[in-house]
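Work through the exercises below with the sequence and the model open. Try each task before reading its solution.

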Amino acid sequence: MTMGTTTTTCVNDVTLKPFLITLSDKKKRTSQVLNNSVSFSDGKKRFQFLVILCAALGGMQAGITLGWTSPILPYLTSSESFLPELVEGQISWITSLLALGAIAGAVPAGKIADQIGRKWAILLTAIPFATCWVALLTTGNIISMYAARFIGGIGAGAACVLVPVYAGEIAQASIRGALGAFFPLLFSSGILFSYVAGAYCSYVIFNAACCAILVPFVLGVLFMPESPMWLVQKDRKAQAAKVLTILRGPHYDVAGEIAVLQDDVDRMTNASGGFKDLVGTKAGRKAAITCVGLMCFQQLCGVDAVLFYTVNIFQAANSTIDPFLATIIIGLTEVVMTIFVATVIDRFGRKPLLVISGTMMTICLSVLGYYFRLKDGGSDVSTFGWLPLTSLALFNIVFSIGYGSVPFTVISEIFPPETKGVASSMSIVVHWSLVFVVTKLFPTMEDRMGQAATFWTFSCFTAASAIFAYFVVPETKGKTLQEIQTKLKRRQKSKTKYQVEPV
């Protein structure tokens, strides 16, 4: 074992001599590379999209577990259910225990990824997902269903931490936003899958199909390359160089990016990577405030209450459209708009999409609240039976173009490498904590406040989200991770520019 380690170190030292170049040489070489790389750039970018697609299938599993309750709750509360009659508290626990499990999965996810690597940590999420579906297939009582939902949440929470971090670490700066949008895209696709399969399949077939989706996820992850950042951190620069050559192309200035990654690793060795390092700098505090704020507003707009209880909302609204069909339309619009975001996020930027999203969500929820106000007041709303579907569909559209996708992209790029693990875990813990609060309290809010006041409360938060995005969120479009940190510190632009695309 000792001899093997010594040999590896010697090989690395010999192999990495070309990497020890001056910054001026690096800039000259990079300039030449950028001028001569058009022929292979598109192909390598497509390969990066394929790699992220494999990882983001874990996000699809998270979306499936999240959307599972919408079509299943009407069955569980019907006379055909294998469970005894459920009370309101039991229904809310079935929905919200997923969020508690997600918190338990998100907290250690970053540390586990630092120990065994991003790739293998992502693969491990398949274990709680598989356990969840097998338990739901074999369960016959409410306690087992609680346990299954909690365990499935562990996988969902870990995936929400690991996949965005992995995407941010392997992506080129020019397409990092589009790659970051793959996670919410597959997440939304998972929700849509639950809506469609849950509406037209039996309980057993539905859960079996959810479990079958794990097969392509596991096979895809096995062929993913490891994160170059993690490899450099573990002093495996020769492997990192091979991975970057695969991701960027044979003519890319791998040496320049390795040098930048080594600078990041050197900073990481002088920091514990804990919460103290996160809030110990001005840039870290601003990044933390930005991401926590985005996660708070993402949930306080009430989107997961809508996703968990979509069928019930349409049933309560006396909509003239079949509730299950309306739910599928809602899920489909979210997927389509997430695809749209993936194509425009690197063109229009993060801030404008967030401001537009917050403003339009406020209008949609205000209109929906007014509809319920008229209905509860005894007015004839049959003429406006189309309004709930229209409002919720538009709500999902504008949510998807901003607060549905952009926060995950921002998380993957706004933190320095030494604090990215703890910061991502912190952001996702906030996210899932609020998922639990919103989904647990939504039935109570509807019962005590009325549906009109409930949706108007959400609209107040969406209005605040637009203000927050305009005044607080920094624009990160097209910037390297080092340039983002410089902007957060509000220092003058450095004369030294990294023309490579560091991770």
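Three exercises follow, on salt bridges, cysteines and a surface patch.

The model is predicted: local features need pLDDT of at least 70, side-chain atom pairs count only at pLDDT 80 or more, and totals for chains, interfaces and linings use all residues. Residues are numbered from 1 along each chain as its sequence is written, and side-chain values use heavy atoms, with hydrogens and water left out.

**Exercise 1. Salt bridges**

Task: Find which residues are joined into one network by salt bridges that share partners.

Solution:
1. Apply the rule: a side-chain nitrogen of Lys or Arg lies within 4 Å of a carboxyl oxygen of Asp or Glu. The count comes to 4 salt bridges.
2. Take Arg118. Asp114 pairs with Arg118, with 2.7 Å between the closest N and O atoms. Glu169 also pairs with Arg118, at 2.9 Å between the closest N and O atoms.
3. Place the second pair in the chain. Glu169 sits in helix H8 (residues 142–170) and Arg118 in helix H6, 51 residues apart, so distant parts of the chain are linked. Helices here are DSSP runs (H or I, at least four residues), numbered from the N terminus.
4. Check burial (under 20% relative accessible area, 1.4 Å probe, protein chains only). Arg118 is buried at 6%. Glu169 is buried at 3%.
5. Join the pairs: Asp114, Arg118 and Glu169 form one network through shared partners.
6. Add another bridge. Glu257 and Arg248 meet at 3.1 Å, N to O. Both Glu257 and Arg248 are buried.

**Exercise 2. Cysteines**

Task: Count the disulfides, then check Cys211.

Solution:
1. Use the cut-off: two cysteine sulfur atoms within 2.5 Å. The structure holds 0 disulfides.
2. Cys211 is in no disulfide; its nearest cysteine sulfur, that of Cys210, is 8.6 Å away.
3. Compare accessibility. Cys211 is partly exposed (between the 20% and 50% limits), at 22%. Cys291 is buried, at 1%.

**Exercise 3. The nonpolar patch**

Task: Determine which helix supplies the largest share of the nonpolar patch.

Solution:
1. Recall the rule: patch residues have over 30% relative accessible area and no salt bridge, and nonpolar side chains (Val, Leu, Ile, Met, Phe, Trp, Tyr) are joined within 5 Å.
2. List members. Among them are Ile112, Trp120, Ile127 and Leu219; the patch has about 870 Å² of accessible area together, by the Shrake-Rupley method with a 1.4 Å probe.
3. Assign helices. H5 (88–116), H6 (118–124) and H12 (214–222) each supply at least two residues. The largest share, 3 residues, comes from H12.
4. Place Ile127. Ile127 lies in helix H7 (residues 126–138). Ile127 is exposed (over 50%), at 53%.

How values were computed
Patch = residues over 30% accessible without salt bridge, like charges linked within 9 Å, V, L, I, M, F, W, Y side chains within 5 Å.
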